[in-house]
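Please look through the chain shown below with attention to its strands, its aromatic rings and its cysteines. The report that follows takes up these topics in turn.

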Amino acid sequence: MKSKMKKTAAVVLLFSMAAGTGYSQPGMEQVSAASGPRLSKKKVVIKEKKSAMITLKNKAGAKKIKWSITNKRVATIKAKSGSVTVKGKKAGNTRLTCRFSYHGKKKTLKCNVTVKKVNRSIGYGTGNVPSVQDTQAPPAPQQSQQPEDPGVTQPPAQTPAATGTPEPIPVLDDVDASKKYEIQGSLKGAYQRFFGNVGTSVNIFQIEPSNSIFENAGDMFAFTKSQYNSITPENETKPCRLLNMGADFNDYFATDFKAQTMPVAEAKADPHYYVPDSYKEEVCPKINYSQFDIFMKKAAENGMRIRFHAFVWHQQTPDWLFKENFDAEGNWVTPEVMDARLEYYIKSVIRYITLKEQELGRDVVYCYDVANEYFHNNDKQDKDDSYIKSYWDEVYYPDNKLDKNTGKYEQVAEPVYIKRAFTYAREMLDSYGKQDVSLFYNDYNTYMVSESILKLVEYINQDRMLCDGVGMQSHLDVSYPTVDNYAATLRKFLACEKLREVQITELDVTAGSSDNMLKRQMDYYYNLMKAILEARKDYPGKITGLTFWGLYDGFSWRREKYPLLFASTTEAKGAYYKVLQAAAEAVEEGQG
């Protein structure tokens, strides 16, 4: 018990994820009809050309009963005084409304109607990507110990569309932002039809109950499966975890590990490693997949997919990777040595994942963040608040000077190591015939550096398509940026012919605990999703992912301002239902 308590205390301190609630808790709000007359069903699911009857129960005292349906393209009605027959016309969602007067007061009751089409196939080019359980694993490609001549990069193949009828989207009337609700429906059920991949970020303790420091880890993963078809490892695929980690779960937060190396001959003899010809050192770093293996196994077993995050980042990367003899106290290596180390690391990781997928019998990693937050790589400050040059720039651009205006080191517009990282990743994917796996540049505050990002993408892709997409991290606040500003940036990326895809990768919206701030947050989420869906309509198939960053408020890295859609694994905030409403309205308009 003491050990458990110590672990939990460590997470509260280091994760900054102490579970808690700060806004009013009126209790679980039951979605039910008022006393007196009520509909026999609150929701109904029928097939095309099939019918269902809904009656008004306890109708004594009800007068002037009138029935209507929102979308007559989806379903039609034949009404009598106290009942109505709904007949499905076209797959989609609509709403049945019953209006009447009761004891002198006007009343309205509503029923959500979903019309299904058996074996409905969502067409190619819509941006929908199947969950793993909907696809058959492709035959394993031929392997070679050290792939040579990967060849010219071909455009990623269109991923086969998911089949089956989309889930109905529950819509609640008069949602209160300050209340908590029973969770109905799911984000994947609402948004997979639009974006394919609908995900969240999770850490090892939230998906593996047997070794978790959280007592409700099982509930967390069950909740994750119910809401999402994609997961992003919060830390487990960053260099600090793959290169700088002990074997024990207790080592999760340690940062002082020295490099674990092995002779190059040993790496060359292991089919999971790739040692390029340019690698001239006698030893190379070991890569520890013990935690990521669990992610891959969980994803494969539960029909989920993985966003790999991230290869090249100025944070959470061990300093010894850039030093001679892999010694943190050593001198900086030359660009040529770093190129070989970078190629070794990226190609070895992709090779391992590919071989592991063959072992699991299905592909799970559908994209890689090759580079992360480059345009903030010199933002780190020392104890005296002076800016520090990133490790990458120490190696590749040691002569860069401080900018007198910003106090930061100069930013190179065309960083050669970023382009090489994309080249290495694409070469290894090509060698296994995995042209359908996408490579991303990911960044935050993209609305502030959009032009710089587009110039970087143009540089990376000037010879051939290497960078498939931009990930918009989307750590937002109700006060900034405006939805219009965000949408304008999204459209700018969508309009770029040098990009095939755009994904919303780390969405959360900070607000506060007051009723007013929660109302602003709920409205912001609703308007944001409306704007994203509207942009998607103009650029069909180009937004290929929507990822929320965290499970619920108490386990968010920004928990002090309650940024997410859920209050717990069993309680939805009003914002959740407004996000679902945006999707339902898009469906009624003919999207999806």
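In this predicted model, strand E3 (residues 43–47) and strand E9 (residues 105–116) run parallel and are joined by five bridges. One residue of this pairing can be followed across the two strands, for valine 45 has threonine 114 in E9 as its bridge partner. The side chains along strand E3 alternate, with Val44 and Ile46 pointing to one face, where they are buried, and with Lys43, Val45 and Lys47 pointing to the other face, where they are not buried.

A second arrangement of strands is an open sheet of four, in the order E2-E4-E7-E6, with antiparallel pairing. Strand E2 (38–39) and strand E6 (75–79) each have a single partner strand and stand at the edges, so one side of each is left without a neighbour in the sheet. Two bridges connect E2 with strand E4 (residues 51–57) in the antiparallel sense, and the bridge partner of arginine 38 in E4 is lysine 57.

Taken as a whole, the protein chain contains 14 helices and 22 strands. Of its 592 residues, 55% count as buried, and the chain exposes about 25700 Å², of which carbon and sulfur atoms supply 47%. Among the contacts in the protein chain with a separation of 6 or more, 75% are accounted for by residues 24 or more positions apart.

The aromatic side chains come next. A pair of aromatic rings is described by the distance of the centres and the angle of the planes. The count comes to 28 aromatic pairs. One of them is formed by tyrosine 289 and tyrosine 352, whose ring centres are 3.6 Å apart and whose planes stand at 0 degrees, so the pair is stacked. This pair links distant parts of the chain, since tyrosine 289 lies in the loop between strand E14 (283–285) and helix H7 (290–301), whereas tyrosine 352 belongs to helix H8 (residues 335–360), 63 residues apart. Both of these tyrosines, 289 and 352, are buried.

Helix H8 also takes part in a pair with an edge-to-face geometry, that of phenylalanine 311 and tyrosine 345, with 5.9 Å from centre to centre and 85 degrees between the planes. Here, too, distant parts of the chain are linked, with phenylalanine 311 in strand E15 (residues 305–312) and tyrosine 345 in helix H8, 34 residues apart. Phenylalanine 311 and tyrosine 345 are both buried.

Ring pairs further link a cluster made up of Phe322, Trp332, Tyr374, Phe375, Tyr391, Trp392, Tyr396, Tyr417 and Tyr441. The ring of tryptophan 332 also has the charged end of lysine 323 over it, and the table sets this beside a contact of the same kind made by an arginine.

| Charged residue | Ring beneath the charged end | Distance from the ring centre |
|---|---|---|
| Arginine 307 | Phenylalanine 440 | 5.4 Å |
| Lysine 323 | Tryptophan 332 | 4.5 Å |

The cysteines remain. How many disulfides does the count come to? The count comes to zero disulfides. Cysteine 496 is in no disulfide, and the nearest cysteine sulfur, which belongs to cysteine 467, is 9.2 Å away, while a disulfide would need the two sulfur atoms within 2.5 Å. Cysteine 496 has a relative accessible area of 14% and is buried. Cysteine 284 is likewise buried, with a relative accessible area of 0%.

Note on methods. Residues are numbered from 1 along each chain as its sequence is written. This is a predicted model: local features need pLDDT of at least 70, side-chain atom pairs count only at pLDDT 80 or more; totals for chains, interfaces and linings use all residues. Side-chain values use heavy atoms; hydrogens and water are left out. Rings of Phe, Tyr and Trp (its six-membered ring) pair if their centres lie within 6.5 Å; planes under 30 degrees apart count as stacked, over 60 as edge-to-face and the rest as tilted. Buried means under 20% relative accessible area, exposed over 50%, partly exposed in between (1.4 Å probe, protein chains only). A charge sits over a ring if NZ of Lys or CZ of Arg is within 6 Å of the ring centre and within 35 degrees of the ring normal. Two strands pair if DSSP finds at least two bridges between them. Contact means heavy atoms within 4.5 Å. Accessible areas come from the Shrake-Rupley method with a 1.4 Å probe; for residues, only the protein chains shown count as cover.
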